[in-house]
Amino acid sequence: MMKHTVMAAALAGLAMMAFAPDTRAASAAEEVAGAPETLKINQLQVLGTHNSYAMPVDPRVLALAAPGFERMMSRLQQMPPARRALFEEEHPNGVNIQEALNYDHPDLKTQLDSGVRSLEIDVNPDPKGGTFSDPVAYRMLRAQGVKDLLPFDSTDLDKPGYKVLHIPDVDFRSHCPTLALCLRQIRDWSDAHPRHVPLFIMLEAKVDDASPLPNPTRTVPFDAKLFDDLDAEILSALGRERLITPDDVRGAYPTLNQAVRAGNWPTLAAARGKILFFMITASGPDGTLAYLDGHPSLKGRVAFLRAQPGEDHAAVLLMDNALVRADDIRRYVRQGYIIRTRSDIETYEAKVNDRGRAQAAFAGGAQIVSTDFEHPGNAYGTDYMVRLPGGGPARCNPLLAPGCRPSGN
């Protein structure tokens, strides 16, 4: 952990350059300039970030939690076979918790200014307020006499609402600790850049209650009402006119899947300045089934859901392992789906400076390629970073619009 701390300190002098807006990113008025405005949004490709809200975890918290995480991982074999196989596919590198969380994002505005067009936000229900106000790890460390813990912004955590954090009691430091604040930051940026390509916001509905620490925070599971309230909060913060919803894509088709397979996504012209939400859980598509209650094919819902190809509500797929799923990604992109994949997983690629996964992700045509390393400088001291090929905030999809050559990108 001392090595991690020293390396982080050595990189501190690069922070201003690292987090400065990318000068290659086009202005709002120029995003994919020259591309046909009739291009459908599934014919675009954008760069996203993973756990976009997250701030670095205090190294002493990681040391405290590491033994518990190792015990949790040792119980992997007890998972149901299908869930275990999905977990191993999406977490292929076998790194420890210190390495898995060894990344450092700037705030959402800075990411958007630099050309990121997809953000990931974890939402944790807190209908009574206060659930996440006093993290166990900090409480334990303070009891040991530690007084210089990394700052923890607990603004409005005592109030009811949805809280934005990765792992309760461990990875809880956030640039926007409440969903309301995250949405406000996104809205303000969008207002200032009305011609941006659509933003793709991935919501992870947190449904697991496992913890590596004793006497952990007990979370509130999502149910249909909490999903209703989540939709209401998004609508209140952003307004219906700013959103691309399943109803917009379904149109007159009987199911959302039929509309997607027919290419009924909005055009770039219709989608500029708008935001599309899609939702996942770490346990796979089954974790959000309550979101479908009373909403077949996502009728009336705000967000798309991670789904299996061919399901009535299937429009957005998650295939994070761009190496294992290379053929699947190409096939389903051609069938009309929007796919999110990753260029790096658990920071392994940055550690070994391997761009193979990133190259496969971009070449495969997945519309959203997510990274933990969107700016230069990392704790491993390698030059690994990920940008959209050609620069700029978006490009024509290499699989679906290979002849499209927009200027300024």
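**Close-up 1. Where α3 meets α7 in this predicted model.** Arg60, Val61 and Leu64 are the α3 residues that meet Ala137, Tyr138, Met140 and Leu141 of α7. Sort the residues of this contact by type and you get six nonpolar, one charged and no polar. As for the geometry, α3 spans residues 59-74 and α7 spans residues 136-143, and the two pack with axes 10 Å apart at an angle of about 100 degrees. Angles of 65 to 115 degrees count as roughly perpendicular, so that is how α3 and α7 sit relative to each other.

**Close-up 2. The buried side of α15.** Helix α15 covers residues 356-363, and its buried residues here are Arg357, Ala358, Ala361 and Phe362. They take up an arc of only 125 degrees around the axis, so they end up on the same side of α15. That fits the usual helix pattern: with 3.6 residues a turn, residues three or four places apart point the same way. What lies over these buried residues of α15? The cover includes strands β1 (44-49), β8 (316-321), β9 (338-342), β10 and β11 (394-396), along with helix α14 (348-352). Just after α15 comes Gly365, with a positive phi near 90 degrees.

**Close-up 3. Thr371 and its surroundings in β10.** Thr371 belongs to strand β10, residues 368-371. Its relative accessibility is 1%, so Thr371 counts as buried. Leaving aside residues up to four places away in sequence, Thr371 touches Leu47, Gly48, Thr49, His50, His105, Ser343, Asp344 and Val386. With Ser343 there is also a side-chain to side-chain polar contact, at 3.5 Å.

Terms used. Residues numbered from 1 in each chain as written. Predicted model: local features only at pLDDT ≥ 70, side-chain atom pairs only at ≥ 80, totals over all residues. Heavy atoms only, no water. Axes fitted to C-alpha atoms, helices over the stretch in contact; angles between N-to-C directions. Helix = DSSP H or I, 4+ residues; strand = E, 2+ residues; numbered from the N terminus. Parallel < 35°, antiparallel > 145°, perpendicular 65-115°, else oblique. Contact = heavy atoms within 4.5 Å. Nonpolar A, V, L, I, M, F, W, Y, C, P; charged D, E, K, R; others polar. Buried < 20%, exposed > 50% of the residue type's maximum accessible area, 1.4 Å probe, protein only. Polar contact = N/O pair within 3.5 Å; in protein donor to acceptor, adjacent residues only side chain to side chain. Arc of directions from axis to C-beta.
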